[in-house]
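Visitor: Could you take me closely through the way the helices pack in this model, and then through the spaces left between the parts of the fold? I would like one connected account.

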Amino acid sequence: MSKPAVQTILKLLSGLSLRNQYRVADLVSFFVYHSPNQLSRQARENIQMCFAEESQAWQTRLTRESIRHTCYSLFELAAVWCWPAQRILEQLDDKQAGAVLEQSSRGKIIIAPHLGSWELLNIWLARQGASLSLYRPLRNRRHAQFVLESRSRNGAELVPTTTAGLRKLLRGLQQGSSVMLLTDQKPAAKKNSVDAAFFGLQASTTTLVNSLLKKVDCDVFIAAACRSQPAGRFELLLKALDSARLAGDASGSTQYMNDEIEQLAMQFAEQYQWTYRRFTANEYQQL
């Protein structure tokens with residue numbers, strides 16, 4: 001069976017340094033920004049809705065930088081997925097974050113926004129101990145196998161977004177494992193979400209964190225592996241959240257979670273994934 005094209009491309013790019021991978025991404029981002037396509041159109045729309053009070057020039061700069069970092073997140077997979085785990089982890093400054101996480105001896109929920117390199121965050125968490133994360137299996141089996149092997153090569157355990165997978169997450173938390181959740185994406189099932197404010201918009205928000213905390217007492221953190229200087233370096237940010245607030249009523253829990261994600265995304269606005277379809281004009285209302 002031949003390798004999927006994406007695997008072949010990433011393997012070839014993995015022979016480059018991260019800095020050179022970014023140079024290729026810079027070239028691609030120029031064409032993405034200046035041509036009509038779904039990525040550039042969605043980024044412009046999201047930024048216009050979320051930062052309506054900012055000037056057109058400001059929005060344009062953020063859109064350009066957002067597309068550039070979106071391309072970075074794609075091209076750096078050559079290093080994050082294909083390099084030995086230790087090699088890519090050497091590019092990550094995690095001293096302060098590691099110390100914060102070590103203070104917890106219970107199960108841990110890690111809320112991971114689509115910010116910086118969440119794929120690198122997954123690899124780092126697996127190095128800290130037993131780690132699980134949800135994923136939606138791809139339809140293409142060859143692609144799915146490559147992604148699964150790449151994400152789990154450092155010991156991370158990926159569980160599907162099924163009832164059985166959720167039960168596995170719960171057992172992991174009860175046994176003291178870390179569970180990484182990307183909670184700023186549009187929930188697949190309406191029944192497992194509520195509307196909460198996010199960047200001034202009403203957004204359908206998952207209640208998974210709230211549901212897990214009602215079943216098991218554990219610690220909760222928000223984390224992101226953000227790109228820093230020099231090019232090819234990352235800084236790991238990790239902050240403990242109030243588990244009691246997140247375990248309260250679903251409305252207050254999701255609002256608190258969205259507020260924390262928004263605060264972190266505002267610090268690194270260009271590295272947030274504005275190309276994501278969560279903010280769709282005909283689905284969200286301005287507050």
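Guide: In this predicted model, helices α7 and α8 are oblique to each other, because their axes cross at roughly 50°, an angle that falls outside both the range under 35 degrees that counts as roughly parallel and the range of 65 to 115 that counts as roughly perpendicular. The two helices cover residues 95-102 and residues 118-128, and their axes come within 12 Å. The crossing in which α7 passes α8 is right-handed. On the α7 side the contact is made by Ala 97, Gly 98 and Leu 101, and these meet Trp 124, Leu 125 and Gln 128 of α8. Sorted by class, this contact has 4 nonpolar and 2 polar residues, with no charged residue taking part.

Another helix pair can be read in the same terms. Helix α3, residues 38-50, and helix α4, residues 56-75, have axes that come within 10 Å and cross at roughly 135°, which makes α3 oblique to α4. Here too the crossing is right-handed, with α3 passing α4. From α3 the contact takes in Ser 40, Ala 43, Arg 44, Ile 47 and Gln 48, while α4 supplies Gln 59, Leu 62, Thr 63, Ser 66 and Ile 67. Of these residues 4 are nonpolar, 5 are polar and 1 is charged.

Ser 66 of α4, already met in that contact, also leads on to the enclosed spaces, since Ser 66 is one of the residues that line the largest cavity. The count comes to 2 cavities of 30 Å³ or more, and the largest holds about 70 Å³ of space. Alongside Ser 66, its lining is made up of His 69, Thr 70, Ser 73, His 114, Gly 116, Trp 118, Arg 227, Glu 270, Gln 271, Tyr 272 and Gln 273. Helix α4 gives the most to this lining, with 4 residues. By class the lining divides into 2 nonpolar, 8 polar and 2 charged residues.

The second largest cavity has a volume of about 30 Å³. Around it lie Thr 206, Thr 207, Val 209, Asn 210, Leu 246, Ser 253, Thr 254 and Met 257. Two or more residues of this lining come from each of α11 (208-213) and α13 (250-267), and α13 has the largest share, with 3 residues. The classes here are 3 nonpolar and 5 polar, with no charged residues.

From the enclosed spaces we can turn to an open one. The largest pocket contains about 1,700 Å³ of space and is lined by 50 residues, among which Leu 134, Tyr 135, Arg 136, Thr 161 and Gln 185 lie nearest its centre. Its lining has 24 nonpolar, 20 polar and 6 charged residues.

Finally, two places in the backbone deserve attention. Most residues other than glycine have a negative phi, and most peptide bonds are trans. Phe 199, however, is not a glycine and has a positive phi of about 55°; this residue sits in the loop between β6 (193-198) and β7 (201-206). The other place is the peptide bond that joins Gln 229 and Pro 230, which is cis, with omega about 0°. Pro 230 belongs to the loop between β8 (219-228) and β9 (233-240).

Definitions and conventions
Residues are numbered from 1 along each chain as its sequence is written. This is a predicted model: local features need pLDDT of at least 70, side-chain atom pairs count only at pLDDT 80 or more; totals for chains, interfaces and linings use all residues. Side-chain values use heavy atoms; hydrogens and water are left out. Axes are lines fitted to C-alpha atoms, for helices over the stretch in contact, and angles run from 0 to 180 degrees between N-to-C directions. Angles under 35 degrees count as roughly parallel, over 145 as roughly antiparallel, 65 to 115 as roughly perpendicular and the rest as oblique. A crossing is left-handed if the near helix is turned anticlockwise from the far one by less than a right angle, and right-handed if clockwise. Contact means heavy atoms within 4.5 Å. Ala, Val, Leu, Ile, Met, Phe, Trp, Tyr, Cys and Pro count as nonpolar, Asp, Glu, Lys and Arg as charged, and the others, Gly among them, as polar. On a 1 Å grid over the protein atoms alone, a cavity is a set of points where a 1.4 Å probe fits but cannot get out, and a pocket is an open set with protein on both sides within 12 Å along at least five of seven lines; lining residues have an atom within 4 Å of a point. Grid points are joined across faces, edges and corners, and a volume is the space filled by probe spheres set on the points.
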